[in-house]
Amino acid sequence: MAEDAERNDDMADDEEQPELDEVDQEETAEEPHKIDKAPRISLKNPVGLIVNTRMLRRIVQILFFVGINVYILVSWVGGEEILAFWEGLRDILPTLPIIAPLEGSFAVLAGTFDTLQRELTGGFFPFFTIGAMIIILTILGRSACGWICPIGTVQDFATLPNRSKVRPAPGTEKELRRIKAYIFFIVGFLAAWVGISTVLGNEEALVNVLGPFANGAFDPFSPAYIVFVEFANQNWPVSLETLWYVTQWGWFTAQFAFVALIVIVSFWIPRWFCRWICPAGWLYGVFSRSALFSIGRNPARCTPDTCNVCEVVCPMNIRIRRFPYQHMHSADCILCLDCRSHCPNKAIVIRFS
Ligand code: SF4
Ligand code: SF4
């Protein structure tokens, strides 16, 4: 009873803190009495090693990583049915809340953010794209970030081995998360400026000044654009004699280094690009905060005073225990369900309401 009363007090405290960002920033991320590494997978249930949510998510991530540029696969191995499936999906959902440019030579699916940029800079107001995005995000939250986005997938796979993770203190994390909002507003402002100039018919000078930023200001920094569009267009060395081709890369060298940095830093800091840099993730978070699908905790099972496994495994570094038990309405939750898979008390539940 005493424990229940204590938990109810906790819940009341939490409910007075609607935003994770508003949590007491004096508290440090380090809690020496708590677990600081993800628990190892138990071998007691061999079937569970194969059939589980984590494995299912990995399979979906790989399928979409290939499917987003399915023309590569089809050009290698053929398969009209495979192509028909992905083109059929595109006909139903022309854009998904991920980052993926449709300009890629082999692209079949586009990211909503990429499409919004294109439509705005082209002088169109993207009614349909915004409407579709809001519907998807208010129902499914940011599950596309967790299960489909190719850049999220790359980061997750880079983080896979059981390494110790770097977890910035809450205050630092909060400041770093602001970067993606700043990037979003700069990109949005430039896209609207180019779009209005296009409608007025005087965009030429502006487009010349903006250069590669004119058609989509985030494109030169978007790992999806760099990988799926620019990688394919480079003159790659195929032998030692042609190694000098890299000297012709110019700006692409810096972009290549940026993509490498995203992967390397992800070894120790899971999803750092999603958490701090991705303006698309920031936009999607705005509309998914109160999504119908979300996670919650069962107060009869959760033991927040002695266990922090969910927070240790959360790739988005969300302080899950600070949210109300009923619902965790966080703009950063990508519904990856890693917290649910690892919870030793089976306290994490999926809510639909
Ligand atoms: S936040 Fe991450 S997963 Fe979501 S769109 Fe951006 S890169 Fe993809
Ligand atoms: S709170 Fe759970 S479902 Fe949401 S991002 Fe973190 S681990 Fe994934």
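Let us begin with Cys314, which sits in the loop between α16 (309-313) and α17 (338-342). Please bear in mind throughout that this is a predicted model. Is Cys314 buried or exposed? Cys314 has 24 other C-beta atoms within 10 Å, and it is therefore buried. Leaving aside residues up to four places away in sequence, Cys314 touches Ile320, Asp338 and Cys339. Its relation to Leu335 also deserves a remark: the two are 21 residues apart in sequence, and their C-alpha atoms are 10.0 Å apart in space.

Cys314 brings us to ligand 2, since Cys314 is one of the residues that surround it. The others in that shell are Ile295, Met316, Ile318, Ile320, Cys333, Ile334, Leu335, Cys336, Leu337, Asp338 and Cys339. Ile320, Asp338 and Cys339, which I named as contacts of Cys314, thus appear in this list as well. How does the shell around ligand 2 divide by class? It has 11 nonpolar residues, one charged residue and no polar ones.

Two further residues of this region call for attention on account of their backbone. Asn317 lies in the loop between α16 and α17. Its phi is near 55°, a positive value in a residue other than glycine. Asn317 counts as buried, because 23 C-beta neighbours fall inside 10 Å. Leu337, a member of the shell around ligand 2, is also placed in the loop between α16 and α17. Leu337 is not a glycine, yet it has a positive phi of about 70°. With 20 C-beta neighbours inside 10 Å, Leu337 counts as buried; the threshold for that class is 20 or more.

I turn now to ligand 1. Which residues surround it? They are Ile98, Ile99, Cys145, Cys149, Ile151, Gly152, Phe273, Cys274, Cys278, Ala280 and Gly281. Three helices each supply at least two residues of this shell, namely α9 (150-159), α14 (272-277) and α15 (279-288). By class, the shell around ligand 1 has nine nonpolar and two polar residues, and no charged ones.

Helix α15 takes us to helix packing. Two packed helices are described by the angle between their axes and the distance between the axes. For α10 (residues 170-200) and α15, the angle is about 95° and the axes are 8 Å apart. The two helices are therefore roughly perpendicular to each other. On the α10 side, the contact is made by Lys180, Ala181, Ile183, Phe184 and Val187, and on the α15 side by Pro279, Gly281, Trp282 and Leu283. Seven of the residues in this contact are nonpolar, one is polar and one is charged. Gly281, a contact residue here, was also named in the shell around ligand 1.

A second pair is formed by helix α4 (residues 70-77) and helix α5 (residues 80-92), whose axes come within 10 Å and cross at roughly 170°. That angle makes α4 roughly antiparallel to α5. The crossing of α4 past α5 is left-handed. Which residues meet in this pair? Val70, Leu73 and Val74 of α4 meet Ile82, Leu83 and Trp86 of α5. The contact of α4 with α5 comprises six nonpolar residues, with no polar and no charged ones.

My last helix is α12 (residues 223-233). Its buried residues are Pro223, Ala224, Tyr225, Ile226, Val227, Phe228 and Glu230. Against what do they pack? Their partners are β2 (110-111), α9, α13 (251-266) and α14. Two of these partners, α9 and α14, have already appeared as contributors to the shell around ligand 1. Phe231 also belongs to α12. Phe231 counts as partly exposed, because it has 16 C-beta neighbours inside 10 Å. Phe231 and Phe256 are 25 residues apart in sequence, with a C-alpha to C-alpha separation of 8.4 Å in space.

I close with the chain as a whole. The protein chain holds 17 helices and four strands. Of its 353 residues, 37% are buried. Finally, consider contacts between residues at least 6 apart in sequence: 75% of them join residues at least 24 apart.

Note on methods:
Residues are numbered from 1 along each chain as its sequence is written. Chains are lettered from A and ligands numbered from 1 in the order in which they are written. This is a predicted model: local features need pLDDT of at least 70, side-chain atom pairs count only at pLDDT 80 or more; totals for chains, interfaces and linings use all residues. A residue is near a molecule or strand if its C-beta atom, placed from the backbone, lies within 6 Å of it. Ala, Val, Leu, Ile, Met, Phe, Trp, Tyr, Cys and Pro count as nonpolar, Asp, Glu, Lys and Arg as charged, and the others, Gly among them, as polar. Axes are lines fitted to C-alpha atoms, for helices over the stretch in contact, and angles run from 0 to 180 degrees between N-to-C directions. Angles under 35 degrees count as roughly parallel, over 145 as roughly antiparallel, 65 to 115 as roughly perpendicular and the rest as oblique. A crossing is left-handed if the near helix is turned anticlockwise from the far one by less than a right angle, and right-handed if clockwise. Two residues are in contact if their C-beta atoms, placed from the backbone, lie within 7 Å. A residue is buried if 20 or more other C-beta atoms lie within 10 Å of its own, exposed if 12 or fewer, and partly exposed in between; C-beta atoms are placed from the backbone.
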